[in-house]
Amino acid sequence: MDIPSLIRATSALVEKRLGELLPKENEAPCPILHRSMRYSIFAGGKRIRPLLCTEAAKACGGKSEDALDAACALETLHTYTLIHDDLPCMDNDDLRRGKPTNHKVFGEGMAVLAGDALLTEAFRILSGVPENSVYSAKDYVRELANLTGSLHLVGGQALDLEGEGRTLSLEEIRSIHLGKTAALIMASVRLGGMSAACSSLQLDALSRYGRDLGLAFQLIDDILDVTSSPEVLGKSIGKDVRDKKATYCSLVGLEKAKEEARALTTSARQALEVFGEREREVLLDINDYLLNRDY
Ligand code: GRG
């Protein structure tokens, strides 16, 4: 499968739907808030989580249309984490998705509120995903809340914040990666499967695939922070070293980090063995594509 073409096609569908779902730029009571939300949502981004969601739905015999609003909710929530992560009180970044970060354009207060509103929108959008014989809207909402609250995504970010300035063990770094990165990727494939009324065997396989792909995704992100450029990535690079942040790369070196990313990709591949060859093909191709990405 030509994954770059698939990414372009999925991004176009997701962006069109997000345009319909989110409040318009001039909408009351505070148009600048809506401009700020739309600025970050439509700044670009690879739309990997929506892609994983719609392709997981197809792997489980469902239709991507039924997973489209879940895909939009995931991108909305993901964008909130990026806006908040870029704030001076977090990672303090000036560049995101090739543009000045939200707070650089709209100010810190508005950036906090745009993130808050996008987080809330994610759950409003998710509540409208078509229900099926197995999963209700309540299940979708609980799923996303479970994986993005203090036990997982926000918890991972809190661990990361707490670990600043000290040497972390590999175990601690893995816990941070599981929370701040793998949890939302796991939610992406799980929600896709759930929108297609997947079996519990399929859901379990998708969880393991999402976890290992998510861990590999963060390792590649850390590697690119050392080896790539702001022009290619659309965000600042070398920040981890500059901020004296302990990463997997700084602890074990680039080569070992790449080796670990390859091992995780293999493990993610193995998790999908319960699916038929044709059903799992695209998810496997995405897995390989993300390992070898250069942005
Ligand atoms: C709750 C404040 C708060 C933050 C949550 C996810 C997160 C923690 C912070 C985002 C910053 C970051 C580097 C997280 C790791 C996940 C990751 C690699 C994000 C970048 O995802 P991409 O590469 O970004 O998919 P695009 O811009 O392509 O969507």
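Let us start at Asp86, which counts as buried because its relative accessibility is 3%; buried here means under 20% relative accessible area, exposed over 50%, and partly exposed in between, with a 1.4 Å probe and protein chains only. Before going on, please note that this is a predicted model, in which local features need pLDDT of at least 70, side-chain atom pairs count only at pLDDT 80 or more, and totals for chains, interfaces and linings use all residues. Residues are numbered from 1 along each chain as its sequence is written, and side-chain values use heavy atoms, with hydrogens and water left out.

Asp86 has a charged partner: Arg96 forms a salt bridge with it, the closest N and O atoms being 2.9 Å apart. Arg96 lies in strand S1 (residues 95-96) and Asp86 in helix H4, so the pair ties together parts that are 10 residues apart in sequence. Helices (H or I, at least four residues) and strands (E, at least two) are DSSP runs, numbered from the N terminus. A salt bridge is a side-chain nitrogen of Lys or Arg within 4 Å of a carboxyl oxygen of Asp or Glu. Arg96 is buried too, because its relative accessibility is 17%.

What empty space does the search find? By the rule used, there are 5 cavities of 30 Å³ or more, and the largest cavity has a volume of about 90 Å³. Of the 13 residues that line this largest cavity, the closest to its centre are Ser40, Ile83, Asp86, Arg96 and Asn102. The rule works on a 1 Å grid over the protein atoms alone, where a cavity is a set of points at which a 1.4 Å probe fits but cannot get out, and lining residues have an atom within 4 Å of a point. Grid points are joined across faces, edges and corners, and a volume is the space filled by probe spheres set on the points.

Helix H2 (31-41), helix H4 (64-86) and strand S2 (99-100) each supply at least two residues of the lining of the largest cavity, and H4 gives the most, with 4 residues. By character, the lining divides into 5 nonpolar, 4 polar and 4 charged residues. Here Ala, Val, Leu, Ile, Met, Phe, Trp, Tyr, Cys and Pro count as nonpolar, Asp, Glu, Lys and Arg as charged, and the others, Gly among them, as polar.

Staying with helix H4, we come to Glu75. Glu75 counts as buried because its relative accessibility is 1%. Not counting residues up to four places away in sequence, Glu75 touches Leu18, Ile41, Arg47, Pro50 and Arg97, where contact means heavy atoms within 4.5 Å. Glu15, Arg47, Glu75 and Arg97 are linked in a network of salt bridges. Arg47 deserves a look at its backbone: its phi is near 60°, a positive value in a residue other than glycine. Arg47 lies in the loop between H2 and helix H3 (48-59), and counts as buried because its relative accessibility is 3%.

How many salt bridges does the whole structure hold? A search finds 20. In one of them, the side chains of Lys16 and Glu20 meet at 3.2 Å, N to O. Lys16 and Glu20 are separated by about one helical turn, because they are 4 residues apart in helix H1. Lys16 counts as exposed, at 57% relative accessibility, whereas Glu20 is partly exposed, at 42%. Another salt bridge joins Asp139 and Arg142 (3.4 Å, N to O); both residues lie in helix H7 (residues 137-148), 3 residues apart, about one turn of the helix.

Two loops add backbone details. A cis peptide bond joins Ala28 and Pro29, with omega about 5°, and Pro29 sits in the loop between helix H1 (3-21) and H2. Ala197 has a positive phi of about 55° although it is not a glycine, and lies in the loop between helix H9 (170-195) and H10.

Our last stop is helix H10 (residues 200-227), where Asp222 is found. Asp222 is buried yet has no salt bridge; the nearest side chain of opposite charge, Lys180, is 6.1 Å away. For this purpose Lys and Arg count as positive and Asp and Glu as negative, while His and the chain ends are not counted. Leaving aside neighbours within four places in sequence, Asp222 is in contact with His177, Asp240, Thr247, Tyr248 and Cys249.

Notes
On a 1 Å grid over the protein atoms alone, a cavity is a set of points where a 1.4 Å probe fits but cannot get out, and a pocket is an open set with protein on both sides within 12 Å along at least five of seven lines; lining residues have an atom within 4 Å of a point.
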